[in-house]
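Here is an informal walk through one model, with a look at how its parts pack together. Have the sequence and the coordinates open as you read.

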Amino acid sequence: MALVGSSGAGKTSLLRAVAGLERPHTGRIAFGREVWFDATRRIHLSAERRRVGYLPQDYGLFPHLTVAGNVRFASGRERPDLLERVGIAHLAGARPRHLSGGERQRAALARALARDPRVLLLDEPFGALDAIVRHQVRDELGDILARVRLPTLLVTHSFDDATALASMIGVIDRGALVQLGPPAELLGAPANAAVAGLVGANVLYGVANPTPAGSVVQLREGGSLASSMRAEGPVQIAVHPWALELADPARSSLTDTVLSVRQDRGNLIVRLARLTIQAPLNARGNAPIMEGAVVGIRAAPRDVHVLNSSGALPEPVELDSRRQARERQRVAKTDHV
């Protein structure tokens with residue numbers, strides 16, 4: 001399971017609370033039937049008693065110890081099996097300063113596993129990596145976690161990282177869990193503007209007028225888009241970049257100005273004044289549009305999601321709700337990410 005949110009949303013604080021490194025003022029934390037924290041009953045198990053494997057953002061390796069020494073410190077004995085398990089047995093005698101970013105991550109993961117944990121907690125595991133190696137290390141970590149088969153809670157600000165590693169994703173905004181579900185659910189039905197923006201959708205504001213087929217939203221800065229969802233009054237709408245198409249501006253109800261165009265894995269990423277579009281390359285592989293051009297934009301009504309017909313964001317789902325409590329218990333019993 002992954003928790004995603006912007007900086008300051010409360011992701012790391014929640015992870016440290018689960019690990020026993022911070023004590024919340026209210027709430028309850030349990031692993032299966034074992035209660036680790038309960039403010040009402042004044043229960044607070046220390047971090048040592050929770051058997052949690054914690055991988056911090058900076059990996060936290062001791063610079064004066066070798067890889068094997070770091071793992072031995074956590075386990076109390078030599079654990080060559082763990083080094084073999086994460087693929088760094090050949091680096092047992094190396095010190096952290098001689099390791100690459102991916103190798104340091106594997107060493108920190110081996111040390112976390114040395115405590116024989118019942119759950120793994122990963123805090124921004126790719127935050128210290130550059131873009132060149134990020135995807136490779138992410139894939140390697142996914143393979144390791146699949147072999148380890150432990151319940152894992154990952155926190156990150158990247159929805160892409162979350163979807164690559166987790167089958168369930170929770171979005172945290174201002175200290176509250178606003179949506180929890182599979183990646184496809186968050187993409188297809190975001191609960192509010194915070195979720196929509198986090199998963200990469202364009203968020204626009206306007207006024208909806210109902211129609212027999214749904215509604216037409218007159219956008220605040222001009223133009224309109226039709227939605228298959230019926231709505232009336234001030235609204236927020238979300239449209240994913242790949243759901244938008246470039247069209248003839250003379251025949252479009254919505255136009256915008258091109259700010260930049262770049263290629264990305266067989267697609268064009270077109271940044272407009274109000275929107276971002278992911279469009280296919282033309283047959284020659286050249287951009288069909290130029291910076292500064294005015295383009296038309298269209299989207300299928302089914303892809304224009306009305307977030308809230310009243311214009312107000314839905315109330316967030318609090319962390320201690322019954323639904324989330326049931327979900328935490330389900331995730332705790334899951335044997336893989």
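## Packing, sheet and odd backbone angles

Leaving out residues up to four places away in sequence, Leu113 touches Leu82, Val86, Leu120, Val148 and Leu150. Keep in mind that this is a predicted model.

Where does Leu113 fit in? It is one of the residues with the most contacts inside the largest nonpolar core, alongside Leu109, Leu120 and Ile169. That core has 43 residues. At least two residues apiece come from strand S1 (2-4), helix H2 (67-75), helix H3 (80-85), helix H4 (101-113), strand S6 (119-123), helix H5 (131-148), helix H6 (159-165) and strand S8 (169-173). The top contributor is H4, which gives six residues. Apart from this core lies another one, of 25 residues, with Leu219, Val258, Leu268 and Ile289 among them. As a general point, nonpolar side chains tend to be buried together in soluble globular proteins.

H4 deserves a closer look. Eleven of its 13 residues are buried, so the helix is largely enclosed by the rest of the structure. The buried set isn't purely nonpolar by name: Gln105, Arg106 and Arg111 are in it, along with residues including Gly101, Ala108 and Leu109. The length of H4 checks out too: at 1.5 Å a residue, its 13 residues should span 18 Å, and the C-alpha atoms at its ends are 18 Å apart, which agrees.

Now for the sheet. Which order do the strands of the open sheet take? Its five strands run S14-S18-S15-S16-S17, with antiparallel pairing. Strand S14 (244-247) and strand S17 (276-280) sit at the edges with a single partner strand each, so one side of each has no neighbour in the sheet. From one strand to the next, the twist averages 45 degrees. S14 pairs with strand S18 (residues 294-299) over four bridges, in the antiparallel sense. In that pairing, Leu244 stands opposite Ala299 in S18.

A few single residues are worth a stop. Gln179 is in strand S9 (residues 176-181). It counts as buried because its relative accessibility is 8%, against a cut-off of under 20%. A polar atom of the Gln179 side chain lies 2.7 Å from the backbone nitrogen of Ala191. Beyond four places in sequence, Gln179 also touches residues including Ile169, Val171, Leu186 and Val195.

Ser224, in strand S12 (residues 224-227), is buried as well, with a relative accessible area of 12%. Setting aside neighbours within four places in sequence, Ser224 is in contact with Val216, Val217, Gln218, Leu219, Ser253 and Leu254. Leu219 is also one of the residues of the 25-residue core.

Next come two backbone oddities. Most residues other than glycine have a negative phi. Glu124 and Arg174 go the other way, as the table shows.

| Residue | Phi | Place | Relative accessibility |
|---|---|---|---|
| Glu124 | near 45 degrees | loop between S6 and H5 | 9% |
| Arg174 | about 55 degrees | loop between S8 and S9 | 69% |

Are these two buried or exposed? Glu124 is buried, whereas Arg174 counts as exposed. The loop of Glu124 lies between S6 and H5, and both of those elements supply residues to the largest nonpolar core. The loop of Arg174 runs between S8 and S9; S8 is another supplier of that core, while S9 holds Gln179.

Notes
Residues are numbered from 1 along each chain as its sequence is written. This is a predicted model: local features need pLDDT of at least 70, side-chain atom pairs count only at pLDDT 80 or more; totals for chains, interfaces and linings use all residues. Side-chain values use heavy atoms; hydrogens and water are left out. Two strands pair if DSSP finds at least two bridges between them. Axes are lines fitted to C-alpha atoms, for helices over the stretch in contact, and angles run from 0 to 180 degrees between N-to-C directions. A nonpolar core is a set of buried Ala, Val, Leu, Ile, Met, Phe, Trp, Tyr and Cys residues joined through side-chain atoms within 4.5 Å. Buried means under 20% relative accessible area, exposed over 50%, partly exposed in between (1.4 Å probe, protein chains only). Contact means heavy atoms within 4.5 Å. A polar contact is a pair of N or O atoms within 3.5 Å; within protein, one must be able to donate a hydrogen and the other to accept it, and residues adjacent in sequence count only if both atoms are side-chain atoms. The expected span of a helix is 1.5 Å times one less than its number of residues.
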